[in-house]
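The following exercises concern the packing of helices in one protein model. Each task is followed by a solution in steps. Please study the sequence and the structure before beginning.

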Amino acid sequence: MRSIAAIAFSLAFFLVGAALAVNFRGFTAWFARELVRHSPNSLFNPWASPPGPREVAGRVRDAMVIARILGVIFAGAGLFMLNGALTLLDG
């Protein structure tokens with residue numbers, strides 16, 4: 001039973017990571033926009049004026065790069081865990 005749970009968990013890791021890495025159906029873009037929307041304007045000056053549209057676009061672009069890197073890491077971890085889970089089935 002543990003091996004089935006391990007396979008399901010590793011597949012979930014891989015699928016979420018792959019969706020983030022390849023921007024499946026705009027998932028990465030949505031994630032990046034939400035990340036920027038809920039982030040504070042400034043960590044050091046909370047009374048700073050809100051960012052302009054160009055700055056927001058730059059932040060979203062940066063967040064998309066970070067999300068894609070995290071997606072590759074999650075997908076790799078999912079494949080690594082899947083290899084371990086399938087090894088458990090053999091032994």
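**Exercise 1. The buried side of α2**

Which residues are buried in helix α2 (residues 27-37)? Explain their arrangement around the axis and state what covers them.

Solution. The structure is a predicted model.

Step 1. A residue counts as buried when its relative accessible area is under 20%. In α2, the buried residues are T28, A29, A32 and V36.

Step 2. These four residues lie on the same side of α2, because the arc that they cover around the axis is only 100°. An α-helix has 3.6 residues a turn, so residues three or four places apart point the same way.

Step 3. The cover over the buried residues of α2 includes two other helices, α1 (2-22) and α3 (53-90).

**Exercise 2. The pairing of α1 and α3**

Determine how α1 and α3 are oriented, and describe the contact between them.

Solution.

Step 1. The packing angle of α1 and α3 is about 160°, and their axes are 7 Å apart.

Step 2. An angle over 145 degrees counts as roughly antiparallel; α1 and α3 are therefore roughly antiparallel to each other.

Step 3. The crossing of these two helices is left-handed. Sorted by class, the contact of α1 with α3 has 21 nonpolar residues, five polar residues and one charged residue.

**Exercise 3. The two contacts of α2**

Compare the orientation of α2 against α1 with that of α2 against α3, and name the residues involved.

Solution.

Step 1. For α1 and α2, the axes come within 6 Å and cross at roughly 85°. Angles from 65 to 115 degrees count as roughly perpendicular, so α1 is roughly perpendicular to α2.

Step 2. From α1, the residues A19, L20 and A21 meet F27, T28 and F31 of α2. This contact has five nonpolar residues, one polar residue and no charged residues.

Step 3. For α2 and α3, the packing angle is about 125° and the axes are 8 Å apart. The two helices are therefore oblique to each other, and their crossing is right-handed.

Step 4. On the α2 side the contact is made by T28, A29, F31, A32, R33, L35 and V36, and on the α3 side by V56, R59, V60, A63, M64, A67 and R68. By class, it has ten nonpolar, one polar and three charged residues.

**Exercise 4. The surroundings of A67**

Is A67 buried or exposed, and which residues does A67 contact beyond its neighbours within four places in sequence?

Solution.

Step 1. A67 is located in helix α3. Its relative accessibility is 1%, so A67 counts as buried.

Step 2. With neighbours within four places in sequence left aside, A67 is in contact with L20, T28 and F31.

Step 3. A67 and G17 are 50 residues apart along the chain, while their C-alpha atoms are separated by 9.2 Å.

**Exercise 5. The loop between α1 and α2**

Examine the backbone and the accessibility of N23 and R25, two residues in the loop between α1 and α2.

Solution.

Step 1. Most residues other than glycine have a negative phi.

Step 2. N23 is not a glycine, yet has a positive phi of about 55°. R25 is likewise not a glycine and has a positive phi of about 50°.

Step 3. With a relative accessible area of 21%, N23 is partly exposed. R25 has a relative accessibility of 78% and therefore counts as exposed.

Methods: Residues numbered from 1 in each chain as written. Predicted model: local features only at pLDDT ≥ 70, side-chain atom pairs only at ≥ 80, totals over all residues. Heavy atoms only, no water. Buried < 20%, exposed > 50% of the residue type's maximum accessible area, 1.4 Å probe, protein only. Arc of directions from axis to C-beta. Contact = heavy atoms within 4.5 Å. Axes fitted to C-alpha atoms, helices over the stretch in contact; angles between N-to-C directions. Parallel < 35°, antiparallel > 145°, perpendicular 65-115°, else oblique. Left-handed = near helix turned anticlockwise from the far one by under 90°. Nonpolar A, V, L, I, M, F, W, Y, C, P; charged D, E, K, R; others polar.
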